[in-house]
Amino acid sequence: MKFYKDHYDVIVIGGALAGLSSALMLADKGLDVLVLERHNLPGGIATSFVRGGIEIEAALHEMMSIGPEDNRLKVGRFFDDMGVNIEWLPVPECYHASLPGLEVTLHPGLERFSREIDNVVPGTYDKVLKLLKLCDTVFNSVNELSIHPMSKPQMLLKHEAFVKTAGYSTKEVLDTFHLPQKALDLLAPYWIYVGSGFSDLPFTIYAVLMADYVGYGSMIPKKLSHEMSLKMAERAEEMGVQIEYRQHVDKILVKNGRAYGVRTARGDEIHADYVISSAYPNKVYTSMIEPLSEVPEEATKMVNGRRLSLTAFSVILILDKPAEELNIKDYSIFRGDTMDTDALYDNLAGLGPYRYLTCICHNYGNPGVTPEGTCSFSVTVLPRVDGWKTVKAEDYDRVKHEVAKQLIDDMSEYFGVNLLDHVLECVIETPMTIAHYTGAWNGCIYGYAHTMEDHIIARLQTAEAERFIEGLEFAGAHAISGDGMGPAVTNGRKAAKNILDDIAARKEAKR
Ligand SMILES: Cc1cc2nc3c(=O)[nH]c(=O)nc-3n(C[C@H](O)[C@H](O)[C@H](O)COP(=O)(O)OP(=O)(O)OC[C@H]3O[C@@H](n4cnc5c(N)ncnc54)[C@H](O)[C@@H]3O)c2cc1C
């Protein structure tokens, strides 16, 4: 039997980046917090494992919103403020774009990035810089508004660029710059990190992505992504958080519209004033709420109405030569046969051949990551869940190996080196692996897609109405900000803030 107290202020389901961020913030404010994680270690998708004596990164390509030590962005600042000391390494470039007629490496810094595009597409410097500065202005507005909400007239006065571009798609705003197609192509590769084609991607999301990654550069933890959750868990425990591993939460207990605890798969019933779930709303509203009659119809409609974002298929290789000897020259390569993001998005609905690949050679950002004379190289596609949902159990191995072969063959051809001749270790991660390991709905890694109908601004406006069960918050890639590890941290903090605000409001009402 585990030891549980009779009652906690908050129970957090899931000890990955989002859940641990909630726990840290709540413990910092003196709340009594229990984290229940079904695995034997923290981290969820942000993890690593050892093969052939080499530690292999399971997910992280690059972290946004960290910023350099003297100019931290919100996620980096949060870690620092919470005393979570991570050794960050800067990623040396934004990306190498390998696109039809283009082989270009671009580096962080708005001016430098614009200059490098101008070197390839002369005469575009001013326009590209203007676009990136617009992105930066919108980014600053989003950051400020997420802390200090304000009325629409005030917003218009203070955040004009944000308000003026907010209703437009990325394509619509980019079109107003009248840039040559090649320059537009070089401004598009990060699209995959937000997972919607530019016709359906709100410009605000593109702006935040570009300003953060291009303006400040990205970072990686020296000891791989698992360093984040290990240090967060260690710090949370120092702050009094109880973390219990190997504890699968089966049910969230609800009475009269209010969550009051959870039941684990082992049958422990644990009570709390609030519950934060890292499990997807789809899972929670269809099978975790007990009794299910407490799930309002609107909640089911909401999860059915939202479009799931992308999942991941990744081939991770440890190779028997240093990267340069295999013609691998960059940390990050985006390779596509077009940069028409709408067409690429359609291509992601199937099971391949995939037209847009994302490759990482960690050694260029973290030289000691593999033993001398070897390197780590991964090829990833981020498909939509649609195609992978249809794969039958009997076809899984075949499909998995066909897709992996396509990715390895494509990159072997590109480097002019048969990568298969150099493999020391090979790991294939599929949407099923992710779903199985983290419980993420359909293996989705980015939560719900940002679209013109459903995006962060709309979600902020409907957030209150979407609190279908009192005392139940969601933290994870599936919450408001969506997309990746940095946003998972932000979502975890937001869930904690909602609880702190609710506690304050209740205290105020009692006075
Ligand atoms: C190949 C790949 C590459 C990626 N690259 C990047 C990148 O470069 N940059 C980036 O920002 N993001 C990247 N991502 C996405 C990123 O990893 C995720 O968006 C993020 O880690 C999600 O964090 P989370 O805390 O929301 O959820 P998860 O990591 O899914 O964690 C959920 C946690 O909750 C636990 N849990 C779930 N249900 C229960 C339950 N019922 N009871 C108890 N515990 C439960 C799970 O075990 C897990 O620990 C990548 C993902 C993949 C797969």
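These are my notebook entries on the ligand shell and on one glutamine in a predicted model.

**Entry 1, ligand neighbours.** I looked up the residues around the ligand and found 34 of them. E37, I45, H61, I445 and M485 come nearest. I then sorted the shell by residue class: 18 residues are nonpolar, twelve are polar and four are charged.

**Entry 2, backbone atoms facing ligand oxygens.** I checked three residues here. For M485, a polar backbone atom is 2.7 Å from an oxygen atom of the ligand. For G484, a backbone N or O atom lies 3.3 Å from a ligand oxygen. For G44, I noted a distance of 3.5 Å between a backbone N or O atom and an oxygen atom of the ligand. I next looked up the ligand's surface: taken alone, the ligand exposes 1000 Å², and the protein buries 96% of that.

**Entry 3, where the shell comes from.** I listed the elements that give two or more residues to the shell, and they are α1 (17-28), α16 (431-438) and α18 (485-510). Of the elements, α18 gives the most, with three residues. By domain, I found at least three shell residues from each of domain 1 (8-72 + 74-84 + 224-306 + 452-510) and domain 3 (310-438).

**Entry 4, Q406.** I placed Q406 in helix α15, which covers residues 396-415. Is Q406 buried or exposed? I recorded a relative accessible area of 15% for Q406, which is under the 20% cut-off, so Q406 counts as buried. Leaving out residues up to four places away in sequence, I found that Q406 touches G352, P353, Y354 and L357.

Note on methods:
Residues are numbered from 1 along each chain as its sequence is written. This is a predicted model: local features need pLDDT of at least 70, side-chain atom pairs count only at pLDDT 80 or more; totals for chains, interfaces and linings use all residues. Side-chain values use heavy atoms; hydrogens and water are left out. A residue is near a molecule or strand if one of its heavy atoms lies within 4 Å of it. A polar contact is a pair of N or O atoms within 3.5 Å; within protein, one must be able to donate a hydrogen and the other to accept it, and residues adjacent in sequence count only if both atoms are side-chain atoms. Accessible areas come from the Shrake-Rupley method with a 1.4 Å probe; for residues, only the protein chains shown count as cover. Ala, Val, Leu, Ile, Met, Phe, Trp, Tyr, Cys and Pro count as nonpolar, Asp, Glu, Lys and Arg as charged, and the others, Gly among them, as polar. Domain bounds come from an automatic or database domain assignment. Buried means under 20% relative accessible area, exposed over 50%, partly exposed in between (1.4 Å probe, protein chains only). Contact means heavy atoms within 4.5 Å.
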